[in-house]
Amino acid sequence: MTAIQSTCLIIFATIALFTWNKLPVIAVACAAALALWAAGLITLNQAFAGFGDRAVLFIASLFVVGAALERTGVTAWAGQILMARAGENNRNRLLLILMIAVGGLTSLISGSGAVAALMPIAVIAAVRMGQSPAQLLMPLAFSAHAGANLLLTGAPKNFLVSEALEDAGLEGFAFAEFAFVGLPLLAGTILIVLLFGKRLLPSQRGARLPADFSRHAQTLVEHYGLRDGLFRLRVRKSSPLVGRSPESINLGGSGDLQVMAVQASASGLPVRGRAITSEDYLLVRGAAQSVAETASRLHLAIREDASSEGGNPAFNRRSGLAEVMIPPRSHLIGRPMYPGLATESGDLIVLAVRRGGEEIDYAKPELKVGDTILLEGSWQALDRRLDDPDVLVVDSPDLVRRQAVPMGPGAGIAVATLLGLVVMLASNIVPPAVAGLVSACILVGAGVITVEQSYRAVHWTTVILVGAMMPISTAMMESGAAKFVADELVSAIGPAGPTALLAGLFMLTACLGQVMSNTATTMLVIPIAMAAAGGMHIAPQPVLMSLCVAGSASFMTPIATTTNMMVMGPGGYQFGDYWKLGTPLMAWFFIVAVFIVPLIWRF
């Protein structure tokens, strides 16, 4: 068996296993690389060289940047602004703003990250308009495909085609050069959805909707009976409480006020081992009138925090609320628990305890299985302390904060880092991989995202897939398989001209992209495209840009991309729902790739 035959056999087996979709894609990709080495088609160094490639490092760093934007509430802030501008009763206006937003976000962070950030907003808006989320979620996912072609950072395939030009000794695509096709793709996608989407999209409701935490604090306050009863009072310099110990505080008055905690102004942690100072504040539970009278008498200011959600003083950028449940065999069973009690760590405060839907009798405050506790503390403390087997967290504080606290701690650093990344990429001061790694290191070094969180943020399937698929491109080039396929393609459609070549490559790439990752598909076709361009003696730039557009045309099946899969459950889509809207979009992408691209990048 010749080297070309061996390479083609391994590639066909890889595609078949991708299509079968029963094995993990990274296992298939790694097995393909090892098979090429075992067959003697590549060296061992070439088999593993992809994992250290600059494209892999750049892609991984983008995941870290995207996660930092999400964790700090930047995407939640953007989503809330979009929701306010779109309104809740105009479907077309909402669709227009959502699709532009997801396209713009996808150009900077991953498509899955952009869809994840805006999907809850789309679902909530659909419910409020009395429509099915299915009318909004598939357009959201498909707009991410178009938005991936706006900038170099939009998708891994963009960097891969640019790197292919550089490897050939040519200048790679500029950071914003993709927008020449990305803008028409996004505009056409929006127009098609607005004109035909309502008829082509299903109207059923999804079985699994993502949780809405946008009004989480208000829900907890109402459930635990704390409405109009929880206040944060700032200690003024003239207050008689200054210099007193927290334990000696007596608010006096009618006796219906309870000091839940005395918290430091800087950190929000309970004050311990020192006297109260000005700018510290009291977390107080009681009637509004009594609180107002006491605040006036003791020179306390009712703290106004613009970042509090739902007007609740215990829920803001610095601190939040969390609900936990006592599970069977918990060591907390039988221990007393009552409002104002601090946890053993000292950084969480108990606000209320309920049993069977009612507040427990605090004369007998011993905990039982199934009791629920409302805790208040800094977001860092909630994240750190609730990882405890003695309690079950009802809703993850991390997820709640991402949705309900826009522009939280570290948001400014995250936005500044993103802008710096864009400037570095646009000006080409440093290579993209360096720009990405510098940005990720800044975010980790500044504490915006921890090392562990950055590990979890990276979509390792994509990263490993890119690294493991690179040996296939190497084998195709060295074995002559790429030249063989390109020669056959050129001989079959070459007489019809370069436009026919773009059409043939588009159909090949788009068809493969419906059953396997567009990143893997792009990497598979790049050597064929480069060899075909060389065989026809035309510039490779239009061929690779057309290939990049074809790699985004993954509309026909839910397994084509992560974003397609993400909206399938919440939208209630069936496998056959995708091709109905996907067909006209595929036709538009074909027009752009085959007829518009050559007008911008000449053959």
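What follows is a working chat about a predicted model of a single chain.

Colleague: How many helices and strands does the chain have?

Modeller: The predicted model has 24 helices and nine strands in the chain.

Colleague: And what share of the residues is buried?

Modeller: Buried residues make up 55% of the 603 residues in the chain, and the accessible surface comes to about 24900 Å², with 61% of that area belonging to carbon and sulfur atoms.

Colleague: What part of the contacts links residues 24 or more positions apart?

Modeller: Among contacts in the chain with a separation of 6 or more, 77% are between residues 24 or more positions apart.

Colleague: Let's go inside, then. Which residues touch the most other members of the largest nonpolar core?

Modeller: Those are Leu140 and Leu544, in a core that holds 134 residues, and helix H4, which spans residues 54–71, supplies the largest share of this core with twelve residues. Apart from that core lies another one of 35 residues, including Phe315, Ala322, Ile326 and Leu382.

Colleague: Which residues does leucine 140 touch, leaving out those up to four places away in sequence?

Modeller: With those left out, leucine 140 touches Leu98, Val102, Val115, Leu118, Met119 and Ala122.

Colleague: Now cavities. How many of 30 Å³ or more are there?

Modeller: The count comes to one cavity of 30 Å³ or more, and about 30 Å³ of space lies in the largest cavity.

Colleague: What lines the largest cavity?

Modeller: The lining of the largest cavity is made by His216, Leu321, Ala322, Glu323, Asp395, Pro397 and Val400, and the elements that give two or more residues to it are strand E5 (319–325) and helix H14 (397–404). Strand E5 gives the most, with three residues, and by character the lining divides into four nonpolar residues, one polar and two charged. Ala322 appears in this lining and is also among the members of the 35-residue core.

Colleague: What about alanine 217, is that residue buried or exposed?

Modeller: Alanine 217 counts as buried because its relative accessibility is 0%, and its place is in helix H11, residues 216–223. Its C-alpha is 9.2 Å from that of valine 400, although the two are 183 residues apart in sequence, and Val400 is one of the residues lining the largest cavity.

Colleague: Switching to serine 454, which helix is that in, and what does the residue contact?

Modeller: Serine 454 lies in helix H17, residues 451–457, and, leaving aside neighbours within four places in sequence, is in contact with Val64, Val444 and Ile449. Serine 454 counts as buried, since its relative accessibility of 9% is under the 20% cut-off.

Colleague: And glycine 412, buried or exposed?

Modeller: Glycine 412 is exposed, because its relative accessible area is 52% and the class begins over 50%. Glycine 412 is found in helix H15, residues 411–427, and its C-alpha is 9.7 Å from that of valine 448, with their positions 36 residues apart in sequence.

Colleague: Last topic, backbone angles. Where is glutamate 279, and what is its phi?

Modeller: Glutamate 279 sits in the loop between strand E2 (258–263) and strand E3 (281–285), with a phi near 80°, a positive value in a residue other than glycine. Most residues other than glycine have a negative phi. The relative accessible area of glutamate 279 is 35%, so the residue is partly exposed.

Colleague: What about histidine 299, what is its phi?

Modeller: Histidine 299 has a phi near 55°, again positive in a residue other than glycine, and its place is in the loop between helix H12 (288–297) and strand E4 (300–302). Histidine 299 is partly exposed, with a relative accessible area of 34%.

Conventions. Residues are numbered from 1 along each chain as its sequence is written. This is a predicted model: local features need pLDDT of at least 70, side-chain atom pairs count only at pLDDT 80 or more; totals for chains, interfaces and linings use all residues. Side-chain values use heavy atoms; hydrogens and water are left out. On a 1 Å grid over the protein atoms alone, a cavity is a set of points where a 1.4 Å probe fits but cannot get out, and a pocket is an open set with protein on both sides within 12 Å along at least five of seven lines; lining residues have an atom within 4 Å of a point. Grid points are joined across faces, edges and corners, and a volume is the space filled by probe spheres set on the points. Helices (H or I, at least four residues) and strands (E, at least two) are DSSP runs, numbered from the N terminus. Ala, Val, Leu, Ile, Met, Phe, Trp, Tyr, Cys and Pro count as nonpolar, Asp, Glu, Lys and Arg as charged, and the others, Gly among them, as polar. Buried means under 20% relative accessible area, exposed over 50%, partly exposed in between (1.4 Å probe, protein chains only). Contact means heavy atoms within 4.5 Å. Accessible areas come from the Shrake-Rupley method with a 1.4 Å probe; for residues, only the protein chains shown count as cover. A nonpolar core is a set of buried Ala, Val, Leu, Ile, Met, Phe, Trp, Tyr and Cys residues joined through side-chain atoms within 4.5 Å.
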